[in-house]
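Biologist: Could you walk me through reading a model like this one? I would like the general idea for each feature, then the case at hand.

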Amino acid sequence: MSLAIKQSLRKYFIMGSQNCDGDPVQILESAASAGITAFQFREKGVGSLTGDEKLELGKQLRSICRHYKIPFIVNDDIELVDALDADGLHVGQEDQSVEELRKLFPNKIIGLSVSNNFEVTNSPISWVDYVGAGPVFATKTKEDSKAVVGLEWIISLREQFPNLPIVAIGGISTKNAASVLNAGADGVSFISAVAKANDIKKAVNNL
Ligand SMILES: Cc1ncc(COP(=O)(O)OP(=O)(O)O)c(N)n1
Ligand SMILES: Cc1nc(C(=O)O)sc1CCOP(=O)(O)O
Ligand SMILES: [Mg+2]
């Protein structure tokens, strides 16, 4: 189980329509055909869709993930997990507790964000399938992101948890992705590096 999760975390694309200048369906299709290993539907923030429009976009993105046999993870919106038959969900420290979510979704992938040692110490890490650790570098994509943790924190998290599936997030680009993997992350997650790329296939290949 853990090995499969770690492989899925290797190139983990996160996106919602608010992150895209073009059609999100086309963007995910290009990214999936280029080899992303997981996708998170994060329809959230200024300009994002709600209600039926969000659901309809989610269905189209879900179908692409099914076609390419990559996990489809829903961010925050627990009601969409069943509605879209998602493979899992990702929540942060301020979202619903992972103990409750594990009871609701015993067989789904559950990811939890961690941004500092206090959060790690106070999180039920054993209930989750992976952690999203960051922001590793500065990001403009998430307005309420926490303090930058740097590569050093990824190294120390890996030392503390040798087997925990870890995906790094925040400011990850084709130029710095290798350094993040060398620090001990199992994979990189990214929004703008692919959603805003001029050449999506090249960006995915280089990540
Ligand atoms: C893989 C991954 N890691 C971290 C996050 C951030 O989640 P959260 O802290 O809940 O913030 P929002 O994404 O909900 O704004 C993530 N989404 N994915
Ligand atoms: C969604 C998200 N979560 C973060 C965290 O640190 O938990 S940083 C972030 C935004 C990542 O976008 P980009 O790849 O464009 O920097
Ligand atoms: Mg959240």
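Modeller: Happy to! Let's begin with burial: a residue is buried if 20 or more other C-beta atoms lie within 10 Å of its own, exposed if 12 or fewer, and partly exposed in between. Keep in mind that this is a predicted model. D95 has 16 other C-beta atoms within 10 Å, so D95 is partly exposed.

Biologist: Where does D95 sit in the chain's secondary structure?

Modeller: D95 belongs to the loop that joins β4 (88-91) to α5 (98-104). In the unreviewed UniProt entry, the "binding site" annotation covers D95 together with D76. The two are spread over 20 residues of sequence, yet they cluster in space, with a largest C-alpha distance of 6.9 Å.

Biologist: And D76, is that residue buried or exposed?

Modeller: In between: D76 has 17 other C-beta atoms within 10 Å, so D76 counts as partly exposed. D76 is found in the loop between β3 (72-75) and α4 (79-83). Setting aside neighbours within four places in sequence, the contacts of D76 are K44, V91 and D95.

Biologist: Which residue would show me the buried case?

Modeller: Try L157, which is part of helix α7 (residues 150-160). L157 is classed as buried because 21 C-beta neighbours fall inside 10 Å. Not counting residues up to four places away in sequence, L157 touches A133 and I166. The C-alpha atoms of L157 and A183 are 9.6 Å apart, with their positions 26 residues apart along the chain.

Biologist: Now the strands, please. What should I look for?

Modeller: Strands of a sheet pair through backbone hydrogen bonds, and the pairing is either parallel or antiparallel. Here eight strands form a closed barrel in the order β1-β2-β3-β4-β5-β6-β7-β8, with parallel pairing. On average, neighbouring strands of this sheet are turned by 25° against each other, direction ignored. Helix α3 (residues 51-68) packs on the sheet and touches β2 and β3, its direction making about 175° with that of β2.

Biologist: How many bridges join β1 and β2?

Modeller: Four bridges, in the parallel sense, link β1 (residues 11-15) with β2 (residues 38-41). F13 stands opposite F39 in β2.

Biologist: Last one: which residues come nearest to ligand 1?

Modeller: Of the 17 residues around ligand 1, the nearest are G92, S113, G132, I169 and S189. Two elements, β4 and β5 (109-114), each give two or more residues to this shell. By character, the shell around ligand 1 has four nonpolar, eight polar and five charged residues.

Note on methods. Residues are numbered from 1 along each chain as its sequence is written. Chains are lettered from A and ligands numbered from 1 in the order in which they are written. This is a predicted model: local features need pLDDT of at least 70, side-chain atom pairs count only at pLDDT 80 or more; totals for chains, interfaces and linings use all residues. UniProt positions are given in the numbering used here, feature names are shortened, and annotations may be inferred rather than shown by experiment. Two residues are in contact if their C-beta atoms, placed from the backbone, lie within 7 Å. A residue is near a molecule or strand if its C-beta atom, placed from the backbone, lies within 6 Å of it. Ala, Val, Leu, Ile, Met, Phe, Trp, Tyr, Cys and Pro count as nonpolar, Asp, Glu, Lys and Arg as charged, and the others, Gly among them, as polar. Two strands pair if DSSP finds at least two bridges between them. Axes are lines fitted to C-alpha atoms, for helices over the stretch in contact, and angles run from 0 to 180 degrees between N-to-C directions.
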